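User: I have a model to look at, and I would like to know how the words used for it are justified. Please set each value against its cut-off.

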Amino acid sequence: MALRILLTNDDGVDAPGLAVLADIARAISDDVWIVAPDGNQSGAGHRFTLGRELHYEQRAARTFTVIGGSPADCVVTGMTHLLDRPADLVLSGVNAGQNLGDVINCSGTAAGAREGALQGAIAIAMSQANNYEHGRAVDWANATRYGAATVRAILAAVEGRQTYYNVNFPWCPPEEVSGISVVQHQRFSRSPFRYYPSDNAGKFFVAVPETPLPLDPTHDFEVLRQDKAITVTPLLLQQTDLATTERLQGKLAL
């Protein structure tokens, strides 16, 4: 039986990165399904739509969009309703821009993969880095060239279902990519998110003005940027701080 792959993203069903992801998936299997939001859900994190009905539309064979749905909504809809059997592999992305450091905590791309893992699949979030000093347009060359090989490499190394994977492709010419590096995500010294007042009185917008420093040269940000490597960060579904759990045994009481 062919590997069944479910695709989602947080940039919307018509995003170019999803088309790149579909090409990656179809290089691996001919059993590929797409369930993606109808519009941009960047920063939605692992939000679920509760308290109102969700609607979906079929765009093409094995291609659906969930109206107003988050990436997590889309994965659950696909895994529990739209597919006649659950997917073996969930791929989320390819995001337009890198998902690094503590930003993964609010990333809809990462959440799509996380929910895939929670549903029992092997799950990988994929993002193509961009240098915004050169404009907003994303060059998908490295995701296109190395995406399928990266997925195959992860599939060959997977053990168990307690981990999902965050992958970033560097911004550089494809021939300069140095390989794959398995790295930790960068813990920031503070949150990168700040609210700033807009020109309209009483109105605010959220921005990511700068990456908090310092950065560890062995973690995802700098390995992606300086080493020009494809970064792979394994992330656990079990979020309990086991060391602190052990340390606090018998020490907390009323």
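Analyst: The questions below go through the terms one by one; note that this is a predicted model.

User: Why are helix 2 and helix 3 called roughly parallel?

Analyst: Helix 2 (residues 71-82) and helix 3 pack at an angle of about 30°. Angles under 35 degrees count as roughly parallel, and therefore the term applies to helix 2 and helix 3. Their axes are 8 Å apart, and the crossing is right-handed.

User: What makes the contact of helix 2 with helix 3, and how do its residues divide?

Analyst: Helix 2 contributes Pro-71, Ala-72, Val-75 and Val-76, while helix 3 contributes Gly-108, Gly-112, Glu-115 and Gly-116. Four of the contact residues are nonpolar, three are polar and one is charged. Gly counts as polar and Glu as charged, so Gly-108, Gly-112 and Gly-116 fall in the polar class and Glu-115 is the charged one.

User: Why are strand 3 and strand 8 said to stand at the edges of the sheet?

Analyst: The sheet is open and has nine strands in the order 3-4-2-1-5-6-7-11-8, with mixed pairing. Strand 3 (55-60) and strand 8 (180-182) each have a single partner strand, so one side of each lacks a neighbour in the sheet. On average, neighbouring strands of this sheet are turned by 20° against each other, direction ignored.

User: How do you know that strand 2 and strand 4 pair?

Analyst: Two strands pair if there are at least two bridges between them. Strand 2 (residues 31-37) and strand 4 (residues 63-67) have four bridges, in the parallel sense, so the condition is met. Ile-34 stands opposite Thr-63 in strand 4.

User: What is the direction of helix 3 relative to strand 6 called?

Analyst: Helix 3 (residues 108-118) runs at about 170° to strand 6 (122-128). Angles over 145 degrees count as roughly antiparallel, so that term fits helix 3 and strand 6.

User: Why is Arg-62 called partly exposed?

Analyst: Buried means under 20% relative accessible area and exposed means over 50%. Arg-62 has 33%, so it lies in between and is partly exposed. Arg-62 is in the loop between strand 3 and strand 4, and its phi is near 60°, a positive value in a residue other than glycine.

User: What makes Lys-228 partly exposed?

Analyst: Lys-228 has 29% relative accessibility, which is between the two cut-offs, so Lys-228 counts as partly exposed. Lys-228 is in the loop between helix 5 and strand 11, with a positive phi of about 55° although it is not a glycine.

Notes
Residues are numbered from 1 along each chain as its sequence is written. This is a predicted model: local features need pLDDT of at least 70, side-chain atom pairs count only at pLDDT 80 or more; totals for chains, interfaces and linings use all residues. Side-chain values use heavy atoms; hydrogens and water are left out. Helices (H or I, at least four residues) and strands (E, at least two) are DSSP runs, numbered from the N terminus. Axes are lines fitted to C-alpha atoms, for helices over the stretch in contact, and angles run from 0 to 180 degrees between N-to-C directions. Contact means heavy atoms within 4.5 Å. Angles under 35 degrees count as roughly parallel, over 145 as roughly antiparallel, 65 to 115 as roughly perpendicular and the rest as oblique. A crossing is left-handed if the near helix is turned anticlockwise from the far one by less than a right angle, and right-handed if clockwise. Buried means under 20% relative accessible area, exposed over 50%, partly exposed in between (1.4 Å probe, protein chains only).
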